[in-house]
Amino acid sequence: MEEQEEERAIELVQKVDFKKGNEMAAIAARQINYHLMGYFPITPSTEIAEEVDEMYADGEHQIRMVPADGEHGAAGICYGATLGGGRVLNATSAQGLLYAMEQLPVQSGTRFPMVLNVVTRSVSGPLDIRGDHSDIMMALNTGWIILLARDPQVVYDMNIIAVRLGEHPEVRLPVIVASDGFFTSHQKRRVRYFQEARVVQEFVGLYWTPIHALDPHKPVTIGPYMNDPDLINNKYQLKQAMDAAERVLPQIFQEYGDLSGRYYPLVEQYCMEDAEVALFILNSAAETAKDAVDKLRAEGYKVGIISPNVIRPFPAEEIRKALERVKAVLIADRADSYGAHGGNMALEVKAALKDDPQSRTLCLARVYGLGGKDFYTEDAEELLRQALQAAQTGQVEIPFDYHGANPGHPDPKLEPLQPPISRENSTLGLTKVEVDEATGRPKVRVGTPRQLTAMPKRIAPGHGACPGCGIFPTLNQFLKGIEGPVVLPFQTGCGMVVTTAYPYSAHRVTYIHNLFQNGAATLSGLVEMYRERRRRGELPIEEELTFIMISGDGGMDIGMGPVIGTALRGHPMIILEYDNQGYMNTGNQLSYATPLGHATSTSHVGPAEVGKSFQHKDTAQIMAATHIPYVFTSVEGMGTDLVRKGAKAQWYVRNGGFVYGKVLSVCPLSWRYEERLGTEVVQAAVDCCFFPIYEVERGITTINYDPEERGKRIPAAEWLKMMGKTRHLTRPEHADILAAFEAEVERRWRRLKAMHEHPLL
């Protein structure tokens with residue numbers, strides 16, 4: 001008996017470490033050993049997938065990692081996986097949660113549990129990557145349980161508790177674990193976690209589901225069409241499941257506390273035993289506010305903090321009890337429910353108090369910390385003093401307001417940072433386009449490189465790109481072939497992030513941003529409005545604009561559907577993709593354009609994984625299959641090829657056509673080579689036929705640069721060994737992956753040659 005107790009004590013040993021919230025979520029995932037993780041990178045949640053993938057590469061777990069083409073796809077992957085009767089994990093933030101939102105009620109309505117880490121971040125409009133709670137508040141009505149994690153330790157614990165809670169036979173609901181973006185996700189703190197994964201696995205137990213979709217002997221129908229009067233019964237059962245979650249969660253908290261020594265109540269209370277004034281606040285800000293409570297207590301004020309560990313189900317009864325003797329409570333929301341005169345938590349706390357006929361607690365509602373605005377002890381003190389004043393006077397002078405906001409100048413005078421480019425300055429006749437009578441295709445004459453320097457840069461120097469970045473030399477060279485005024489919409493990506501940071505901009509022409517899942521549709525709407533207003537005489541006919549959407553790998557993955565839809569509709573516009581073979585603005589995660597075997601932060605190299613596990617997407621051929629008038633590929637620095645193709649693209653647009661172009665854009669930081677070698681790296685990619693230079697005009701393919709005919713073709717391995725992200729493929733132990741990569745390059749090159757030789761292909 002004593003030996004068994006000793007063994008158990010050894011098993012329960014917890015390692016003391018110094019970790020971030022994202023790292024703790026990944027450690028919990030590794031120990032739980034989920035069956036599958038479907039994911040798509042978005043800051044600040046991306047590190048979770050990166051950490052889990054690195055652990056997978058090192059053979060530390062068996063979680064199947066499935067990279068999605070967007071958060072909506074990731075949610076679908078995860079839902080499908082839950083239908084297969086296994087444990088599933090995901091992580092997202094902000095727009096990612098909103099993009100996946102359609103799928104969330106489907107999953108809760110069919111009662112399939114999983115865990116989704118939401119690393120909270122401000123919902124865009126305009127784009128902001130820092131943390132507030134505007135995303136998680138939009139998930140309140142999706143039927144998912146929502147646990148809160150105020151620091152990295154709680155992130156670990158809640159991820160484990162979430163599995164046990166969501167899979168409880170009386171609950172069976174998916175669970176969100178919400179931690180604050182950057183404040184918790186990237187903040188290192190002293191933490192403890194079990195050394196033995198077996199302890200965690202015993203706590204969560206074996207996965208069990210009453211039904212799944214993988215038993216041919218027991219066929220099931222999941223998610224059938226359901227109208228009245230049945231749907232209301234389904235939602236009533238979901239409500240009962242939430243009631244059950246509220247009932248069993250304290251028991252699970254207790255059991256986990258007995259195991260770990262860390263006990264969690266439904267509602268955290270700090271100095272509330274005799275408090276006359278309280279601050280209700282969520283997550284990491286509640287920890288900051290404790291110092292303000294200590295300061296005011298030292299001054300003789302009876303103040304305290306209330307902070308729930310779960311907001312779905314909402315612990316209304318516990319909140320009522322905590323506020324029984326409180327004269328005034330200030331409810332601080334890190335998100336607004338616009339037009340409701342208070343954030344969601346303010347509305348729910350007020351509703352909870354309304355159900356107590358004896359309650360006389362005065363309520364003040366404040367919104368704070370939007371867009372990641374820091375929340376300091378002084379802020380918490382100010383909020384508590386506002387509540388103290390209400391308690392002393394018995395009146396609430398301002399029921400709802402923002403804390404820390406500046407209304408700005410009522411009559412701002414905004415001046416352009418760069419002088420605009422006039423039509424005259426950008427219509428220089430440096431390119432001439434004529435139609436070849438024999439072929440019916442345009443022929444382009446381009447000025448000399450020295451003459452082309454006269455074309456002003458639409459994107460000015462002074463942006464924040466990394467040294468050696470290939471995006472802006474490429475864009476500026478392409479734009480030398482475009483004459484006259486242009487409008488440049490950018491989808492989210494490196495090119496967008498480093499050229500605009502309010503109140504600055506590197507753009508000398510009209511710039512528009514929309515999220516990369518919908519950039520093409522946005523531009524198509526703008527183009528059609530331009531055409532319609534010209535038709536009505538509201539805009540001058542002679543003022544011809546050229547619309548060019550700039551996209552990266554992400555825009556051509558998560559935004560592929562809108563791009564294809566835009567191409568099929570045939571709007572006269574250009575989409576130019578700079579392909580740097582990854583999602584670089586979020587930290588070099590794999591994209592579908594990342595080639596086989598290439599290392600990224602979500603395709604590591606280790607004993608169990610050797611870079612990306614599938615071949616790269618051929619976007620140019622996908623777009624050619626939409627039968628648009630003009631598709632091209634090019635690279636910066638290959639003579640005037642890119643300038644010539646810019647001029648030809650503009651000709652097709654001016655004649656009513658849609659154009660897609662793809663350029664290979666180097667990224668020394670993520671590709672891992674010396675900045676000075678960028679030109680050689682690009683040339684090698686072309687000479688090994690990985691990135692062929694060609695164009696497709698009205699279905700006819702023309703190779704513009706054939707390294708075989710020029711006697712310059714090199715083996716693909718010569719290109720791969722130039723970069724740190726691929727050098728491992730040239731080692732003997734990875735010969736099979738190298739062979740598969742080379743075979744695919746050769747297959748695509750031979751197919752392209754055949755299309756070049758046979759116009760009907």
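## How the labels are earned

Guide: Welcome! In this predicted model, helix 4 passes helix 6 in a left-handed crossing.

Visitor: What makes helix 4 roughly parallel to helix 6?

Guide: Helix 4 (residues 71-83) and helix 6 (residues 103-110) pack at about 10 degrees, their axes 10 Å apart. Angles under 35 degrees count as roughly parallel, so helix 4 is roughly parallel to helix 6.

Visitor: Which residues make the contact between helix 4 and helix 6?

Guide: Helix 4 brings Ala75, Gly76, Tyr79 and Thr82, while helix 6 brings Gln103, Val106, Gln107 and Thr110. Sorted by class, the contact of helix 4 with helix 6 holds three nonpolar, five polar and no charged residues.

Visitor: Let us turn to another pair. Why is helix 2 called roughly parallel to helix 8?

Guide: The axes of helix 2 (residues 21-32) and helix 8 (residues 152-166) cross at roughly 30 degrees and come within 8 Å. The cut-off for roughly parallel is under 35 degrees, and therefore helix 2 earns that label with respect to helix 8. The crossing of helix 2 and helix 8 is right-handed.

Visitor: Which residues meet there, in helix 2 and in helix 8?

Guide: From helix 2 come Gly21, Met24, Ala25, Ile27, Ala28, Gln31 and Ile32; from helix 8 come Pro152, Val155, Tyr156, Asn159, Ile160 and Val163. By class, the contact of helix 2 with helix 8 has ten nonpolar, three polar and no charged residues.

Visitor: Now the sheet, please. In what order do its seven strands stand?

Guide: The order is 3-2-4-5-7-6-12, in an open sheet with mixed pairing.

Visitor: What makes strand 3 and strand 12 edge strands?

Guide: Strand 3 (64-67) and strand 12 (310-312) each have a single partner strand, so one side of each is left without a neighbour in the sheet. On average, neighbouring strands of this sheet are turned by 20 degrees against each other, direction ignored.

Visitor: How do you know that strand 2 pairs with strand 4?

Guide: Pairing asks for at least two bridges, and two bridges join strand 2 (residues 36-39) to strand 4 (residues 88-92), which run parallel. For Met37, the bridge partner in strand 4 is Leu89.

Visitor: One last residue: why is Arg644 called buried?

Guide: Arg644 has a relative accessible area of 18%. Buried means under 20%, so Arg644 is buried. Arg644 lies in helix 22 (residues 641-654). Leaving aside neighbours within four places in sequence, Arg644 is in contact with Val444, Val446, Glu695 and Asn704.

Terms used:
Residues numbered from 1 in each chain as written. Predicted model: local features only at pLDDT ≥ 70, side-chain atom pairs only at ≥ 80, totals over all residues. Heavy atoms only, no water. Helix = DSSP H or I, 4+ residues; strand = E, 2+ residues; numbered from the N terminus. Axes fitted to C-alpha atoms, helices over the stretch in contact; angles between N-to-C directions. Parallel < 35°, antiparallel > 145°, perpendicular 65-115°, else oblique. Left-handed = near helix turned anticlockwise from the far one by under 90°. Contact = heavy atoms within 4.5 Å. Nonpolar A, V, L, I, M, F, W, Y, C, P; charged D, E, K, R; others polar. Buried < 20%, exposed > 50% of the residue type's maximum accessible area, 1.4 Å probe, protein only.
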